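Welcome, and please open the model in your viewer with the selection tool ready. We will take one stop after another, so keep the view free to turn.

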Amino acid sequence: MDRFDDRDRPGALEGMDHRILAAFRACGADPRVGGTARVLSWAGEHGALWLAAGLAGAAADGARRGAWLRGTALVAGAHVVSMGVKRVVRRPRPAHVEPLVRTAGRHSFPSSHATSATAAAVAFGILGVRVVPPLAAAMCLSRLVVGVHHPSDVAAGAALGALTARAGARWMRGGACD
C-alpha cells in the first residue's frame, strides 16, 4: 500500500492540469475548433456576450425587465469578483502551450470568462433561457482550447460564477437578498 504524502499532491494536480490543457490545446490545431474558440474568446472578453444578452433580454421581455437587469448585474458582479481574485492570487498563465489568442491580463486564476459564462447560465437559466448553459460550457472549454487557462482556473471560475449567481438568485427574481 502506498503512503499518501501531501507534498506529492500539488505536483500530481499540476501535472494533470498540464496534460489536460495540452490535450485541449491540441484540439485547437483543427481550424474549425481553433476558430470557434477564438470567436468565443473575443465574445466573452469582460463578460461582453453575457452582458449584451442580459440587456437584450431586458429590452425584449418587458414583463421581466427588472429580473433581467438584476441577472445582468449578477453577471457583471461575478466578473468583477473574479478580477479581484486574479489580482490577489496572481497565478501566471500557462507557459507550456502556445496560446491562440492574446489576453487582456497576465493572471490566470480564476478564469473570468468561465466566471461570467457560468453566472449567466445560472442567472438566465432561472429566467428559462435554455440556450445559455451549453454556450457557457463551450465558452469555458474554449479557454483551454486557446491555451490561456489551466483546467483548474476554469473550474474555479465556473464555481465562482455559479456561487455568485445562486447567492443573488432571490434578489434577481425581485425578492430580498439571501
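Start by selecting Arg-90, which sits in the loop between H4 and H5. Keep in mind as you look that this is a predicted model. Check the backbone here: Arg-90 shows a positive phi of about 60°, although it is not a glycine. Most residues other than glycine have a negative phi. As for its surroundings, Arg-90 has a relative accessible area of 44%, so it is partly exposed.

**A second positive phi**

Now move to His-46, in the loop between helix H2 (31-43) and helix H3 (48-60). What is the phi of His-46? The angle is positive, about 55°, and this residue is not a glycine either. Colour by accessibility and you will find His-46 at 45%, which counts as partly exposed.

**A cis peptide bond**

Go back to the loop between H4 and H5 and pick Pro-110, which lies there. Display the backbone between Phe-109 and Pro-110: the two are joined by a cis peptide bond, with omega at about -5°. Most peptide bonds are trans.

**A buried histidine in a loop**

Next, select His-150, placed in the loop between helix H6 (132-145) and helix H7 (151-167). Is His-150 buried or exposed? Its relative accessibility is 5%, and the cut-off for buried is under 20%, so His-150 counts as buried. Expand the selection to its contacts, leaving out residues up to four places away in sequence. You will meet Asp-17, His-18 and Leu-21, then Arg-91, Pro-92, Arg-93, Pro-94 and His-96, and finally Ser-108 and Leu-144.

**The aromatic pair**

Show the aromatic rings next; the structure holds 1 aromatic pair. Trp-68 and Phe-124 form this pair, with 5.2 Å from centre to centre and 40° between the planes, an arrangement classed as tilted. Trp-68 belongs to helix H4 (residues 65-89) and Phe-124 to helix H5 (residues 112-126), so the pair ties together parts that are 56 residues apart in sequence. Both partners are buried.

**Along helix H5**

Stay with helix H5 and select Thr-118, which lies in it. Thr-118 has a relative accessible area of 14%, so it is buried. Which residues does Thr-118 contact, leaving aside neighbours within four places in sequence? They are Ala-136, Cys-140, Ala-158, Gly-161 and Ala-162. Then draw a distance from the C-alpha atom of Thr-118 to that of Gly-157: the separation is 8.0 Å, for residues 39 apart along the chain.

**Zooming out**

Finally, clear the selection and switch to a cartoon view. You should be able to count 8 helices and 0 strands, in the order α-α-α-α-α-α-α-α along the sequence. The C-alpha atoms fill a box of roughly 60 × 40 × 30 Å along the principal axes. For 178 residues, a compact globule would have a radius of gyration near 16 Å, and the 17 Å found for the protein agrees with this.

Turn on a contact map if you have one: among contacts between residues at least 6 apart in sequence, 76% join residues at least 24 apart. Of the 178 residues, 43% count as buried. With the surface displayed, the accessible area comes to about 9,400 Å², of which 64% belongs to carbon and sulfur atoms. Last, colour by charge: the 22 positive and 12 negative charges have mean positions 10 Å apart.

How values were computed: Residues numbered from 1 in each chain as written. Predicted model: local features only at pLDDT ≥ 70, side-chain atom pairs only at ≥ 80, totals over all residues. Heavy atoms only, no water. Helix = DSSP H or I, 4+ residues; strand = E, 2+ residues; numbered from the N terminus. Rg over C-alpha atoms; globule rule 2.2 N^0.38 Å. Buried < 20%, exposed > 50% of the residue type's maximum accessible area, 1.4 Å probe, protein only. Contact = heavy atoms within 4.5 Å. Areas by Shrake-Rupley, 256 points an atom, 1.4 Å probe, with all protein chains shown as cover. Lys, Arg positive; Asp, Glu negative; His and termini not counted. Charge placed at Lys NZ, Arg CZ, Asp CG, Glu CD. Phe/Tyr/Trp six-rings, centres within 6.5 Å; stacked < 30°, edge-to-face > 60°.
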